[in-house]
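Notebook open, viewer loaded. I'm jotting down what I looked up, one stop at a time.

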Amino acid sequence: MIDRARLEEIVREAGRIAYGAWPGAGHALESWEKTPGNPVCAADLAVDAFLRRELGRLLPSAGWLSEETVDDPARLERGLIWLVDPIDGTRDFIRGRTGWAVSVALISEHRPLMGMLAAPARDEEWIGVSGQGSWRNGEALHASRRTTFPGARVPADSLPKEDRDLTTVDKPNSIALRAAMVAADEADLLATLRWGYEWDIAAAALIAREAGAAISDAFGHPLNYNKRDPRAFGLLVSAPDIHAAAVDRLATRAHTLARPQR
């Protein structure tokens with residue numbers, strides 16, 4: 001059995017390392033672009049190195065897949081793997097905004113066992129344990145139970161014309177925090193229509209699922225982890241009763257946007 005208390009300590013400390021470099025707390029920060037439009041900063045790398053060392057000590061048998069580490073195909077032979085995004089929501093982090101989190105998930109046989117988000121700029125810690133529930137700052141989470149699709153709360157800055165029957169709410173840059181909003185009944189629907197990586201979604205998807213939300217890719221298919229190609233097209237997290245309507249709403253766009261990138 002994994003030492004859950006130690007895992008929480010490690011992720012919490014990773015959050016403190018990130019916060020210690022966060023411009024929103026008055027710190028200077030070195031940042032650059034890995035590729036055009038894809039920012040990274042020194043804090044990403046520091047948190048990644050810390051987590052790889054400490055999580056490796058906690059569970060030496062587990063593989064590793066992180067946004068800031070070169071992928072090692074040997075992970076595919078491991079029954080357990082850590083999925084890590086050292087700072088999810090790097091744009092908000094660099095701009096001194098609060099919408100970022102450290103994201104860590106432990107995967108067993110393609111399914112998440114545990115997930116944690118540390119969002120110290122928001123004074124939030126989110127934890128999910130498979131089959132046991134999920135919590136924010138120690139309080140049990142209960143996902144949205146909305147039953148009608150029109151009017152559903154969506155974390156977004158704006159909505160396309162075809163979705164203007166929905167309602168926008170605050171949108172952190174971190175996709176993990178947006179998914180967690182559904183877990184906390186602060187949103188009814190999160191939907192993305194782009195190729196995304198497993199490390200972006202694993203922890204938050206578990207937290208939302210354990211709170212009672214419905215989880216899938218943009219096509220309504222289940223999510224699996226530690227795949228050879230560690231991507232999925234889209235993330236859909238919603239109140240269970242509006243999930244089918246969300247899949248239907250997105251179907252044409254999802255097929256159109258996914259096809260050219262395969």
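**Entry 1: R4**

I started with R4, which is partly exposed at 30% relative accessibility (buried is under 20% relative accessible area, exposed over 50%, partly exposed in between, with a 1.4 Å probe and protein chains only). A note to self on provenance: this is a predicted model, where local features need pLDDT of at least 70 and side-chain atom pairs count only at pLDDT 80 or more, while totals for chains, interfaces and linings use all residues. Residues are numbered from 1 along each chain as its sequence is written, and side-chain values use heavy atoms, with hydrogens and water left out.

R4 sits in helix α1, residues 4-19 (helices are DSSP runs of H or I with at least four residues, strands are runs of E with at least two, numbered from the N terminus). Setting aside neighbours within four places in sequence, I found R4 in contact with M114, I127, V129, Q132 and W135 (contact means heavy atoms within 4.5 Å). M114 is 110 residues away from R4 along the chain, yet their C-alpha atoms are 8.9 Å apart.

**Entry 2: the annotated site**

Next I checked the UniProt record, an unreviewed entry, whose "binding site" annotation covers E67, D85, I87, D88 and D200. These residues spread over 134 residues of sequence but cluster in space, with a largest C-alpha distance of 9.5 Å. Positions follow the numbering used here, feature names are shortened, and annotations may be inferred rather than shown by experiment.

D85 belongs to strand β4, residues 80-88, and is buried at 0% relative accessible area. Beyond four places in sequence, D85 touches E67, A101, V102, S103, W199 and D200.

D88 is in strand β4 too and counts as buried at 5% relative accessibility. What joins the side chains of D88 and S174? I got a polar contact of 2.5 Å (N or O atoms within 3.5 Å; within protein, one must be able to donate a hydrogen and the other to accept it, and residues adjacent in sequence count only if both atoms are side-chain atoms). Outside the four-place window, D88 also has D200 among the residues it touches.

**Entry 3: helix α6**

Last stop was α6, residues 243-258, where the end C-alpha atoms of 16 residues are only 20 Å apart, short of the 22 Å of a straight helix (1.5 Å times one less than the number of residues). I then found a bend of about 50° at A251 (the angle between axes fitted to the seven residues ending there and the seven starting there). Buried residues of α6 include H243, L250 and R253, and the buried residues of this helix pack against β12, β13, β14, β15 and β16.
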